[in-house]
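The following paragraphs lead the reader through one chain and then through its contact with a partner. Please consult the sequence and the structure while reading.

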Amino acid sequence: MSGAIVQFLDDRANYVASSSSSHGWVTPAGIIPVIIAGALFVWLVQALPVIADGSSLRYVWPWVPTLGVNVSFLIDGLSLMFGLLITGIGALVMLYSAKYLAGHPQQARFSLLLTSFMLAMLGLVMADNLLSLFVFWELTTITSYLLIGFNHDSAKSRRSALQALLVTGVGGLALLAAIILIGTVAGTFELSEIRAMPGVLTQSTLYLPILILVLLAAFTKSAQMPFHFWLPNAMAAPTPVSAYLHSATMVKAGIYLMARTHSSLSGTDVWLWTLTIAGAATMVFASVIALRQTDLKQALAYTTLMALGALTLLLANDSGYAITAAVTFLMVHSFYKASLFLVVGILDHQTGTRETTKLFGLGRTMPVTATAAVLAGLSMAGIPPFLGFIAKELSYAGSLEVASSAMFVAGAFLVASALMFAIGGIVGFRPFFSKAGPRMEGIKEAKWPMLVGPLLLAFLGAGFGIFPGLLEVYLVDPTVAAILGEPGLAKPLHLWAGFNLPLALSVATFVIGYAIYAFATPLRALLVRLGDRSPSFDNGWDTLLAGVLAGAKWQTRVIQTGQLRFYIMVTFITTLVALAGTMVFRQAVTLPVAWSPVGLTDWLVFGLVLVGTGLTIVTQSRITAIAGLGVVGIGIALIFVLYSAPDVAITQLLVETLIVVLFAAAALRLPRLGAEPLNERWLDAVVAIGLGVSVSLILLMSTAGPIDRSLTDFFEASSYPDAFGQNIVNVILVDFRALDTFGEIAVVLVAAIGIFALLRSKPEKDEA
Amino acid sequence: MEPLLSILIGVLVAGAVYLMLARSLMRFLFGLILLSNAANLAIFVSGRMTAGAPPLVPDGMDVPPEVVANALPQALVLTAIVIGFGLFAFALILAVRAFRSLGTLNTDDMRVAEPKEKG
């Protein structure tokens with residue numbers, strides 16, 4: 001169904017693309033997503049005053065009521081902030097994409113995927129039921145996979161897409177496990193109810209497993225070390241996707257998860273140290289690697305990693321400063337990073353390259369793009385009066401509040417912020433105003449749909465920096481309250497907070513940052529040389545995948561040997577273990593005390609069957625073996641005769657004769673038996689004897705006990721009165737259990753038809 | 001007689017298993033026959049043995065006058081013998097057909113479905 005829709009939209013896009021020339025970006029595929037996103041944004045904006053008052057909105061529909069699964073949505077400060085980012089940036093990115101991909105044959109598919117992603121992400125941040133949260137979580141993973149692999153004719157795109165899918169997919173499974181555990185512990189899947197029970201998770205014995213699983217999900221999704229490698233590779237996606245999914249929204253789902261569960265899971269040493277170390281490591285590592293990149297998009301990807309690390313680091317704490325910093329930084333990062341990604345997309349679109357070594361002097365020909373880039377770059381660099389500055393000050397204040405590791409955390413922030421300053425310059429300033437290289441000629445400014453997004457987002461960073469009060473009242477305060485679970489802990493947003501340590505750190509950041517910017521080229525060369533020598537996570541991933549495949553091959557080789565004997569052996573050994581093992585472990589072996597007397601005839605028949613069996617086993621002659629089988633069959637028929645089963649004896653004799661005849665006839669067409677080397681068959685002999693002994697013991701024990709003859713009594717009593725038959729066995733077969741006999745005849749008939757078909761069919765020699 | 005038969009069935013099972021584990025498909029078929037005989041006997045023994053009293057209702061009576069052999073296992077064994085024969089006959093022809101196609105009855109060499117080295 002959906003495939004048909006995609007196909008239809010594809011065709012439609014083809015038609016539109018061919019009928020309109022390059023300027024035609026107003027297509028249904030281009031405009032409908034913008035309208036959807038814009039409408040949702042407006043709807044969410046209307047909720048702002050309600051949420052700012054401290055209340056929240058909740059919508060519930062029962063889904064699987066017997067399992068306690070609801071489709072429930074909760075709009076509080078945290079989900080509203082995320083929702084506004086998702087729909088607001090979404091609308092701008094979709095407007096941008098309408099032009100960026102205008103005329104692309106698969107623009108409709110792109111729009112459909114991007115819109116689906118937006119709705120899934122919106123569902124993720126608004127879901128109040130953990131199970132529906134999981135469903136939306138997986139939907140974002142899948143849409144991200146499809147969007148990274150959008151250029152599916154490129155092997156690199158496919159590999160990156162699969163990598164992202166597998167890494168975040170593992171996290172998704174961990175999340176599901178965590179959710180089940182949480183549901184067991186708390187007795188509900190509703191997040192709002194769990195958050196209303198303080199300590200229910202932290203004081204549970206399952207706290208550690210839950211925490212590990214939740215963090216595994218969050219770290220894979222938000223690309224924390226050591227799961228960070230998929231994010232830079234995800235830049236294989238078209239630039240609007242990178243700006244939207246892999247910078248502003250989807251990669252923050254892990255951050256969202258940690259923020260959402262903050263009031264239920266944080267406050268322990270494990271939480272504090274895991275998040276601090278992972279966040280700090282990711283932040284510093286990513287900002288250093290970012291400097292190494294010459295591809296602007298890759299550089300931005302690594303600074304996104306850095307930002308995610310910083311957010312994780314800030315969420316490690318419970319202090320009002322740290323959480324306020326996290327919320328502010330999250331928003332400002334979404335503004336400037338989406339803006340810069342879109343700027344890089346414009347550069348790529350207009351010049352055909354994203355290499356920092358080639359892009360110079362574009363400021364005059366692309367003034368609007370340059371304005372957006374500079375404003376966003378300044379915000380990223382954390383220069384006053386931009387919002388980035390406030391976020392940085394708060395981060396410093398928050399990290400200095402961490403009593404146990406203040407210097408470590410603040411130091412990590414200093415390194416990362418300085419590198420951010422440099423990269424802000426490299427992306428936002430250098431391509432437009434640097435004179436370090438030859439100016440690019442003949443480049444045109446982009447069209448307005450592509451400029452609105454970056455420009456607006458860049459201006460937001462500046463505007464909110466100058467007037468932070470609006471942001472504080474409507475978004476930051478409610479979000480901080482939602483994360484910490486109680487209102488009134490948020491810290492104010494100030495451009496000027498007086499002469500204090502954070503300000504001094506900021507000044508140090510600018511100095512170091514400028515030095516790095518000035519010496520970026522030699523530093524990069526040094527990093528490249530160092531990086532080539534150090535092990536790469538990406539190669540490690542390949543090794544891991546190759547290892548998994550090799551393991552699967554090895555396992556297949558071991559389990560599926562292709563030898564019939566091996567399979568039969570496994571079957572017999574399993575049976576042996578089941579029978580003998582049960583007897584041994586239950587200590588059930590009790591031999592009957594009284595042996596009934598055995599007559600001479602019995603001994604003779606016993607000997608006959610024994611000889612026949614022995615003959616069949618040892619002989620190498622086909623005829624002798626068949627004769628041995630005949631002896632066994634006749635011996636068994638004699639047993640039936642001796643012990644009052646004449647009908648069975650007749651059948652046995654008949655069938656035994658047929659078997660011998662058939663075998664003799666077939667043996668003419670078959671080869672000789674050949675010798676079986678005895679020294680190779682000792683294991684076979686052990687298994688055979690073991691099974692034989694087990695069966696004997698079971699029969700000895702079961703026949704020694706009493707027998708339930710109620711069925712037989714019924715048949716004896718009703719054979720003549722009900723069915724008018726004197727031979728009870730016959731009556732059972734043709735009357736009481738006639739359907740069984742009918743089935744039996746059907747089996748023989750089917751076997752006969754099969755045999756006939758096999759004999760008639762011509763052998764295919766090429767098969768052999 | 002039940003203990004003696006129990007031991008005999010064990011011997012038949014051991015012989016059947018040993019033969020079924022052999023390389024030659026024909027020995028496998030021998031084993032199959034022995035196993036099916038052992039199974040039939042096991043069902044028979046489970047109903048206990050009664051000598052010289054077939055499960056028949058004499059003329060003019062509604063029920064057997066005295067203790068007769070257990071009729072139920074006999075009926076089951078009868079069915080089992082016939083079905084066992086059907087299975088054997090089909091397996092035998094399958095072996096003949098396999099030999100015509102593959103030229104061998106050594107199961108180690110019958111690897112069309114799972115070849116030895118897959119690339």
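**Chain B and its contact with chain A**

In this predicted model, 51% of the contacts in chain B with a separation of 6 or more join residues that are 24 or more positions apart. Two residues count as being in contact here if their C-beta atoms, placed from the backbone, lie within 7 Å.

The secondary structure of chain B consists of three helices and zero strands, and along the sequence it reads α-α-α. These helices include α1 (2-20), α2 (25-46) and α3 (71-102) of chain B.

The overall dimensions of chain B may be considered next. Along the principal axes, its C-alpha atoms fill a box of roughly 75 × 30 × 20 Å. The radius of gyration of chain B is 20 Å, whereas a compact globule of 119 residues would have a value near 14 Å. Of the 119 residues in chain B, 55% count as buried.

Attention now turns to the partner chain. To the contact, chain B gives 80 residues and chain A gives 90 residues. On the side of chain B that touches chain A, the elements that give two or more residues are α1 (2-20), α2 (25-46) and α3 (71-102) of chain B. Of these, α3(B) supplies the largest share, 24 residues. Sorted by class, the side of chain B that touches chain A comprises 54 nonpolar, 15 polar and eleven charged residues.

How values were computed
Residues are numbered from 1 along each chain as its sequence is written. Chains are lettered from A and ligands numbered from 1 in the order in which they are written. This is a predicted model: local features need pLDDT of at least 70, side-chain atom pairs count only at pLDDT 80 or more; totals for chains, interfaces and linings use all residues. Helices (H or I, at least four residues) and strands (E, at least two) are DSSP runs, numbered from the N terminus. Ala, Val, Leu, Ile, Met, Phe, Trp, Tyr, Cys and Pro count as nonpolar, Asp, Glu, Lys and Arg as charged, and the others, Gly among them, as polar. The radius of gyration is taken over C-alpha atoms; the globule rule is 2.2 Å times the number of residues to the power 0.38. A residue is buried if 20 or more other C-beta atoms lie within 10 Å of its own, exposed if 12 or fewer, and partly exposed in between; C-beta atoms are placed from the backbone.
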